[in-house]
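Here are some exercises to work through with the structure open beside you. Try each task before you read its solution.

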Amino acid sequence: MEEKIAQIQKEYLEKISQSTSLKELDGLFLDIFGKNGAVTLLPKDFSKLPEDARKKVGPLFNTLKQELEKAIELKRVDVREESYKKLEGESLDLNEKTDVKSRIGLIHPLDQFEHEIVELFSKIGFQQYDAPQIDTDDFNFELLNIPAEHPARDLWDTLYIDNKPQTTSNKLLLRTHTSNAQIRILREYKPPIRMMVLGRCFRHENIDARHEHTFDQFEIVYVDKNLSMANLQYLSEYFLKSVLGEDTKVRLRPKYYPFVEPGVGIDGICIFCKGKGCKVCGGVGWLEVAGAGMMHPQVLKNGGVDPKIYTGIAWGPGLERILMLKHGINDLRLFRSGNLRFLEKFK
Amino acid sequence: MKVSIKWLKELVDLKTPVEELVRLLPLRTIGTKEVTDNFIELDMKGYNRADLLSLRGVALEAAAITNSPTGFKPAVIEQITYDADFPKVNISVEDEKLCPVYCLAKIEGLKVKPTAQEEVKKLEDSGMRTVNNVADVTNLVMLEYGQPMHAFDAEKVRGCVKVRVAKENEKITTLDGKIRDLNKEDLLIGDENEPIGIAGVMGGKDSEISENTTSILLEAAIFDPISLRKSSLRHGLYSEASRRFQHGLTKTNLLQALSTAIKMYEKLGGKLTAITLTGDLKDEVKKVKLSQSKINSLIGVEIPPNEVESSLKKLGFTLEKEGQDWEVTVPYWRMDIDIEEDLIEEVARMYGYEKIPPKELEGEMPQKIDQSFPKFIYDLKKALKEAGLTEVQTYSFYSSKTINDLRLTIYDLIKISNPISSETEYMRDNLWPNLLEVTAINIKQGYKDIAIFEIGKVYILQKGDLPKEQYRLSIALSNGTTNPVEELYRIFQGVNLPHFQGVQLSKSVTLTQKEYFHPTRFQALEDDGQTIGFIAEIHPRFVNKFGTEQRIAALEVKLVL
């Protein structure tokens, strides 16, 4: 048996070293490890051996297996590297009039939706503002009335940056919401302000069909004299009727966010059961679609705006969630998977 | 917070069916997570209503929103009956900032038994398990009053009880049997010899109530929420007690809870033999001005003064009229109320947010600001779509596979200090590696022709306050031919936007990422003499690693106006 193993080893190592193509190597792999491969069949004879011989043969067999596997793997790399040398001879002529295939293109459903929202709010005077996605703890939390070690921080599990530049003493993080733009906007522009912020936000969250560490938010920062919760109700209806249909009903209810007071949660009537109560809405007939509130006077102050003269509205929906409801998408991860089978449905 | 319905009914004489309370809670107070026949679970995550972490607090709120009376008087401080010369328990508090109130009562003559069935049910409906009659008193009182309590076996505690900061390298075995390493940031309770509990987080195993316990030291305290939260997070210990400490406690509740607990122990046959109360035991009385005009303007509805008054009174506020306005006294249990806007929220929710009518936006339009960049981005997406490309979005991170297979230099990348997994540890500084990964995945799914693009931010380390974020466009093409670069270039040329009109190819540039490109098939893209990106075939050496033999071409340019 030991001889047989040595013989297989010799034979195939030689064959492997002589092969010159991936195809040949694939063939050899089957000859060795396939259903009737030389190595695959070997152990069948082991049971006939006396016990002390078996003890010897076991380790030899394992070494053989590993050696041949490794030899094929290494040879594959060699063969590939050899073939890469031929690339030197390939050319590129960008003046060549190559044909462009006709394909059906697509804007990502999330971007298409965001564009619709931007158009919708542009009509009533809102303009786009771009805030950093990597930001300081101050802009993302502290100046928004969310001090360190406050229980409210439980709402935002945060990813922090390790290698921050030494010039800043403030902790850096991946913004957990587009609200990091609020103070920047207040400091850069004088009221009246009608601004919208859009883009990627991040949370320290294990991902599954209903949870993501990366998601998009849209948010309005609206500051003027005499703004009220009635204006907030108007904005909520304006948005939801346009997005979910004219017959959509909107309901405001109390919700706590440290940077607004009063704080508001916004429900849309369940688009599946129209308010009767079903599985999607957990039987309550309503679905939470946005968070909002009257900007907290301390936040206005932190942004250099006098809360005795001005009031503000902060308002923002969860975009993926609304899209999932609208299109019956059941896995949140699909949005950033690059999966063409998913995206093609939107063509 | 799981609210036992049976228990709640003992505290409020509900004038509406429970179903109505369940309907009203999210509309007037707080969202609910789960409702069963036995309990209503309030969604307390991140909430600021510390009072709703107690049955009595919930009862007061339920009474207000359903117009029902409570079965108790909240503001009366029950007397703890002992004389000035009553024996004291020997205690010392090292730092009053970390522990403003510490009370310890010695109760003797107890016998440990199972808890009565009725109380077991209360615990179970509240999501807690019964331990024994002595330990359960602390949990029952905590649930009702929101004041955490702890009972030490008095015979296991030696000498003076000290509230102090832990020494470096001190250790304690906690109730769950785990050995915890303490440091100078942990506040602990110790006796003469060693730690007997991490303050407000968890008690020690050695002084746990056992079946032989006959006398206890009952602790009721207020600890600094911030230092307590840090300890709790560091030890990964989230208990019902630590949550309540973090949300904040009132002294009035503490005294009521302590008095109730002592009475419950007396019913079990125990006797109070010594007690010490330290710290200032009076809650600060908060007064907030409230103006009628501000109510109307912030809510956007005219709410009559008598409705303002009745709403706030139902919630336990007292009001003193000052012309059109009021001076409002905040009930001690509402620690979340500090400013006028807080009171207006109270008025608004009692009125009903859902009844606020919509009001169109008025006022002058703000000054116009430059919107050309977002417009350019959308025009570009439209043009790429017209050219037959499909937009994808990929994560802002590099997957561990991408980092390994491309042998990326991780030191150049922005690193996350607390990644969820190795898939979210490094941030992308180019888009094309993610498009390469996505292209390969789709090829494996059976796609033979792939033409995709992404527009998004990359993140680059730089000196200064924040890392650099730069918008990029990347396109990947795998068209089944052995030279997809040529078609990719034609596609890019076809994107007829003024922004790209000056873009030119350049051969003579030393591209930084050349090692990833086909040895002859790459060109720099230049605009006005500046390199703005590249077009190339990705070297098959790297493409092959992603499990495909197809040729893949990529282009990447920065987008700056």
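**Exercise 1: Two hairpins in a row**

A hairpin of chain B connects β10(B) with β11(B) by way of four residues. Keep in mind that you are looking at a predicted model.

Task: Describe how β10(B) and β11(B) pair, then follow the chain into β12(B).

Solution:
- Step 1. Find β10(B) at residues 187-190 and β11(B) at residues 195-198; the two strands run antiparallel and are joined by three bridges.
- Step 2. Pick a pair of facing residues: Leu188(B) is opposite Ile198(B) of β11(B).
- Step 3. Move on to β12(B), residues 202-203, which pairs with β11(B) in the antiparallel sense over two bridges. Here Gly197(B) faces Gly203(B) of β12(B).
- Step 4. Look at the turn. Three residues lie between β11(B) and β12(B) in this hairpin, and Gly200(B) in the turn has a positive phi of about 75°.

**Exercise 2: A four-stranded sheet and its helices**

Task: What is the strand order of the open sheet of four strands in chain B, and which strands are at its edges?

Solution:
- Step 1. Recall the general idea: strands of a sheet pair through backbone hydrogen bonds, either parallel or antiparallel.
- Step 2. Read across the sheet: the order is β6-β13-β5-β14 in chain B, and the pairing is antiparallel.
- Step 3. β6 (149-153) and β14 (271-278) of chain B each pair on one side only, and these are the edge strands. From one strand to the next, the twist averages 20°.
- Step 4. Zoom in on β5 (residues 101-108) and β13 (residues 216-222) of chain B, an antiparallel pair with seven bridges. Within this pair, Cys103(B) sits opposite Ala220(B) in β13(B).
- Step 5. Add the helices. Helix α5 of chain B, residues 133-145, lies across β6 and β13 of chain B and runs at about 165° to β6(B). Helix α8 of chain B, residues 251-267, also packs on the sheet: α8 touches β5, β6, β13 and β14 of chain B, and its direction makes about 5° with that of β5(B).

**Exercise 3: A three-stranded sheet**

Task: Which strand of chain B stands in the middle of the open sheet of three strands?

Solution:
- Step 1. The order is β15-β17-β16 in chain B, with antiparallel pairing, which puts β17 in the middle.
- Step 2. The edges are β15 (287-291) and β16 (318-322) of chain B, each pairing on one side only. Ignoring direction, neighbouring strands are turned by 25° against each other on average.
- Step 3. β16(B) is linked to β17 of chain B, residues 325-329, by five bridges, and the two run antiparallel. Thr318(B) has Thr329(B) of β17(B) as its bridge partner.
- Step 4. Compare with the record: UniProt, in an unreviewed entry, places the feature "domain: B5" at residues 283-358 of chain B. Over residues 283-358 the chain is 39% helix and 20% strand, with its end C-alpha atoms 41 Å apart.

**Exercise 4: Two packed helices**

Task: Are α5(A) and α10(A) roughly parallel or roughly perpendicular to each other?

Solution:
- Step 1. Two packed helices are described by the angle between their axes and the distance between the axes.
- Step 2. For α5 (residues 109-122) and α10 (residues 319-327) of chain A, the angle is about 105° and the axes are 11 Å apart.
- Step 3. Angles of 65 to 115 degrees count as roughly perpendicular, so α5(A) and α10(A) are roughly perpendicular.
- Step 4. The contact is made by Pro109(A), Leu110(A), Phe113(A) and Glu114(A) of α5(A), together with Leu319(A), Glu320(A) and Leu323(A) of α10(A). Five of the residues in this contact are nonpolar, none is polar and two are charged.

**Exercise 5: Unusual backbone spots**

Task: Where in chain A do you find cis peptide bonds, and which residue other than glycine has a positive phi?

Solution:
- Step 1. Start from the rule: most residues other than glycine have a negative phi, and most peptide bonds are trans.
- Step 2. Pro191(A) and Pro192(A) are joined by a cis peptide bond with omega of about 0°. Pro192(A) belongs to the loop between α7 (181-188) and β4 (193-202) of chain A.
- Step 3. Another cis peptide bond joins Glu261(A) to Pro262(A), with omega of about -5°. Pro262(A) is part of strand β7 of chain A, residues 260-269.
- Step 4. Lys274(A) has a positive phi, near 55°. Lys274(A) lies in the loop between β7 and β8 (286-295) of chain A.

Methods: Residues are numbered from 1 along each chain as its sequence is written. Chains are lettered from A and ligands numbered from 1 in the order in which they are written. This is a predicted model: local features need pLDDT of at least 70, side-chain atom pairs count only at pLDDT 80 or more; totals for chains, interfaces and linings use all residues. Two strands pair if DSSP finds at least two bridges between them. Axes are lines fitted to C-alpha atoms, for helices over the stretch in contact, and angles run from 0 to 180 degrees between N-to-C directions. Two residues are in contact if their C-beta atoms, placed from the backbone, lie within 7 Å. UniProt positions are given in the numbering used here, feature names are shortened, and annotations may be inferred rather than shown by experiment. Angles under 35 degrees count as roughly parallel, over 145 as roughly antiparallel, 65 to 115 as roughly perpendicular and the rest as oblique. Ala, Val, Leu, Ile, Met, Phe, Trp, Tyr, Cys and Pro count as nonpolar, Asp, Glu, Lys and Arg as charged, and the others, Gly among them, as polar.
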